[in-house]
Amino acid sequence: SINGLEKNLAFHLSGHILHSIYWQNMTGPKDGGGEPLAADGVGALADAIKESFGSFAGFKAQLTKAAATTQGSGWGVLAYEPLSGRLIVEQVYDHQGNVGQGATPILVFDAWEHAFYLQYKNQKVDFIDAMWAVVNWQDVARRYEAATSRANTLLLAP
Ligand SMILES: [Fe+2]
């Protein structure tokens, strides 16, 4: 039974982690959304987004597409990848599939049907557009700072 138990552990642990980040990634519509700006104290994150994706608009388009085109249940995720030192977008299947080892999620969009169906029916893209209006960039920047200041355990010298 170890195969089934390990799969369940990965599923439930990852689901708990992603939802815990998700709730904190959101804020009220008056306080969130837009583009992260240095004036708001999130300059390092704004710079990293431009460095990794070319522009905020390019990043927004990629994460929107990753969340919107998830087949079945999944997530669109912005993660810090420590091997390259860059931000990447991941399209996560269920809670735990299709991701490389070692990246730290810092902004996540729940793209499971339960996240949007009651209000948005089958209009998943409208839901994702609404998500952008409530992103708490202070929280994302805090997570970026924590992820980048952690020792890179993937490249420890022998
Ligand atoms: Fe969910």
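This is a short walk through the model, one selection at a time.

Before you start, note that the model is predicted: local features need pLDDT of at least 70, side-chain atom pairs count only at pLDDT 80 or more, and totals for chains, interfaces and linings use all residues. Residues are numbered from 1 along each chain as its sequence is written, and side-chain values use heavy atoms, with hydrogens and water left out.

**Stop 1: the sheet**

Select residues 74-81, which make up strand 1. Helices (H or I, at least four residues) and strands (E, at least two) are DSSP runs, numbered from the N terminus. Now add strand 2 (86-93) and strand 3 (104-110). The three strands form an open sheet in the order 2-1-3, with antiparallel pairing; two strands pair if DSSP finds at least two bridges between them. Strand 2 and strand 3 stand at the edges with a single partner strand each, so one side of each has no neighbour in the sheet. Neighbouring strands are turned by 25° against each other on average, direction ignored. Axes here are lines fitted to C-alpha atoms, for helices over the stretch in contact, and angles run from 0 to 180 degrees between N-to-C directions.

Look at the pairings next. Eight bridges join strand 1 to strand 2; Glu 81 has Arg 86 as its bridge partner, and Ala 79 stands opposite Ile 88. Four residues lie between these two strands in their hairpin, where Gly 85 takes a positive phi near 70°. On the strand 3 side there are six bridges, and Leu 78 is partnered with Leu 107.

How many residues of strand 1 are buried? Eight of its eight are, where buried means under 20% relative accessible area, exposed over 50%, and partly exposed in between (1.4 Å probe, protein chains only). Gly 74, Gly 76, Leu 78 and Tyr 80 point one way, while Trp 75, Val 77, Ala 79 and Glu 81 point the other.

**Stop 2: the helices by the sheet**

Show residues 43-53: this is helix 2, which lies across strand 1, strand 2 and strand 3 and runs at about 75° to strand 2.

Then move to helix 3, residues 56-68. Colour Phe 56, Phe 59, Leu 63, Thr 64, Ala 66 and Ala 67, which are buried. Viewed down the axis, the buried residues fall within an arc of 165°, so they line one face of the helix; the arc is that of the directions from the helix axis to the C-beta atoms. On the face turned away from them you will find the exposed residues Ala 57 and Lys 65. The buried residues pack against helix 2, all three strands by name (strand 1, strand 2 and strand 3), helix 5 (124-132) and helix 6 (137-149), with contact meaning heavy atoms within 4.5 Å.

**Stop 3: the iron ion**

Which residues coordinate the iron ion? Select His 19 (NE2), Asp 110 (OD) and His 114 (NE2), at 1.9 to 2.1 Å. Donors are N, O and S atoms within 2.8 Å of the metal (3.2 Å for Na, K and Ca); water is not among the atoms, so sites may look incomplete. The spacing in sequence is H-x90-D-x3-H. His 19 lies in helix 1 (residues 2-25) and Asp 110 in strand 3, so the pair ties together parts 91 residues apart in sequence. His 19 counts as buried at 18% relative accessibility, and Asp 110 does at 3%.

**Stop 4: a loop residue**

Finish at Asp 94, in the loop between strand 2 and strand 3. Its phi is near 50°, a positive value in a residue other than glycine.

Definitions and conventions: Expected span 1.5 Å × (residues − 1).
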